[in-house]
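Have the structure open in a viewer with both chains displayed. The stops below say what to select next and what is there.

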Number of protein chains: 2
Amino acid sequence: MNSEEAQIRERLDQWARALRAKDLDRLMAFYAPEVITFDMVPPLQVSGADNYRKHWSQWFESMSGPITHETRELVVAVGGDVAYAHQLSLVGGAQKGGNSSESWIRTTTGLRKMGGQWLITHEHVSVPFDMESGKADMELTP
Amino acid sequence: MNSEEAQIRERLDQWARALRAKDLDRLMAFYAPEVITFDMVPPLQVSGADNYRKHWSQWFESMSGPITHETRELVVAVGGDVAYAHQLSLVGGAQKGGNSSESWIRTTTGLRKMGGQWLITHEHVSVPFDMESGKADMELTP
């Protein structure tokens, strides 16, 4: 592993810590202002960190307690000032007025080194859907 | 646009041509043998081109006629021998014994230059799902 890959792994670990802490400001500091994201929920694409912040904010507000986030099978590829990473994550928590749940999701992250710092310039988060029911399959395991 | 980005855009265009032609061998030639993919349907992750080939094969066989694939909002980031790209695609066709449909999907592609050729080392394809119904939302537009 080269030092750039180590830096990115450290950044993604810090990102997950901010997520678990539901610390919106700290979380958003990992994103480039012009980030383009494909989120688990509509719309198809969100352009800009300000708009993406609203997605995180709404999710954090919908959760009554702590959020868990465990990473598995993280792969990082780095070339010069561009990188991508992908991982499976087990994400859990209790929704306000709802049940606790825990689901495996897939995340692909695009990064660029800007001003000496790796920033997230693209993020794609999803779960597969079942062809017969058309429903997102929240009960898959790796 | 530098020449590496132009090469990748040309490769992704050729990839889409192979998809529209339902030419499985030509399509699979764009993937690295060790590609890791997150497909629209289960499982969470598919490892290796041989396994991913089965996904494409099943999809091609489920379609009775031609497949359409139109790319919009393609972004390519290249650094050295690593790149990522993301796009929205309008994909359509007629299922055997079913109706014709057309849906917008999101694709993120990770690439590495190997032996002078850009190969796909990661692919993440998804649609968002509606929070209330839990169903994949196939009717979104950009």
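Two copies of a chain are related by a rotation about an axis and a shift along it. To find that rotation, copies are superposed by least squares on the C-alpha atoms of residues with pLDDT of at least 70 in both.

**Stop 1: both chains**

Select chain A and chain B together, and keep in mind that this is a predicted model. Its scores are ipTM 0.96 and pTM 0.97. Colour chain A by confidence: the average pLDDT is 96, and 100% of the residues score at least 70.

Now superpose the copies. Chain B falls on chain A after a rotation of 180 degrees with 0.0 Å of shift along the axis, and the RMSD is 0.0 Å. This is the relation of a two-fold axis. The contact surface is the same in both copies, since 100% of the contact residues of chain B recur in chain A.

Which residue of chain B comes closest to the rotation axis? Select B:K135, whose C-alpha lies at 2.0 Å from that axis.

**Stop 2: the interface**

Select the residues of each chain that are in contact with the other chain: 49 residues from chain B and 49 residues from chain A. Together the two chains bury about 3,600 Å², of which 66% is on carbon and sulfur atoms. On the side of chain B, pick B:L44, B:Y84 and B:F129; these lose the most area to chain A and together account for 21% of what that side buries.

How many salt bridges does the rule find across this interface? The count for chain B and chain A is 0. Polar contacts are present, with 18 residue pairs found between the chains, both residues of each pair at pLDDT 80 or more.

Next, colour chain B by element. Two or more residues on the side that touches chain A come from each of strand 1 (31–38), strand 3 (68–79), strand 4 (82–94), strand 5 (100–114) and strand 6 (117–126) of chain B. Strand 5 of chain B gives the largest share of that side, 7 residues. Recolour by class, and the side of chain B that touches chain A shows 26 nonpolar, 16 polar and 7 charged residues.

**Stop 3: backbone details**

Select A:P42 and A:P43 and display the backbone. The peptide bond from A:P42 to A:P43 is cis, with omega near 5 degrees. A:P43 sits in the loop between strand 1 (31–38) and strand 2 (46–47) of chain A.

Move to chain B, where B:P42 and B:P43 are joined by a cis peptide bond with omega about 5 degrees. The loop between strand 1 and strand 2 (46–47) of chain B holds B:P43.

Finish at A:K22, in the loop between helix 1 (3–20) and helix 2 (24–28) of chain A. Is phi of A:K22 positive or negative? The phi value of A:K22 is positive, near 55 degrees, in a residue other than glycine.

Terms used:
Residues are numbered from 1 along each chain as its sequence is written. Chains are lettered from A and ligands numbered from 1 in the order in which they are written. This is a predicted model: local features need pLDDT of at least 70, side-chain atom pairs count only at pLDDT 80 or more; totals for chains, interfaces and linings use all residues. Side-chain values use heavy atoms; hydrogens and water are left out. Contact means heavy atoms within 4.5 Å. Buried area is the accessible area (1.4 Å probe) that two parts lose on being put together, summed over both. A salt bridge is a side-chain nitrogen of Lys or Arg within 4 Å of a carboxyl oxygen of Asp or Glu. A polar contact is a pair of N or O atoms within 3.5 Å; within protein, one must be able to donate a hydrogen and the other to accept it, and residues adjacent in sequence count only if both atoms are side-chain atoms. Helices (H or I, at least four residues) and strands (E, at least two) are DSSP runs, numbered from the N terminus. Ala, Val, Leu, Ile, Met, Phe, Trp, Tyr, Cys and Pro count as nonpolar, Asp, Glu, Lys and Arg as charged, and the others, Gly among them, as polar. pLDDT is the predictor's confidence in each residue, from 0 to 100.
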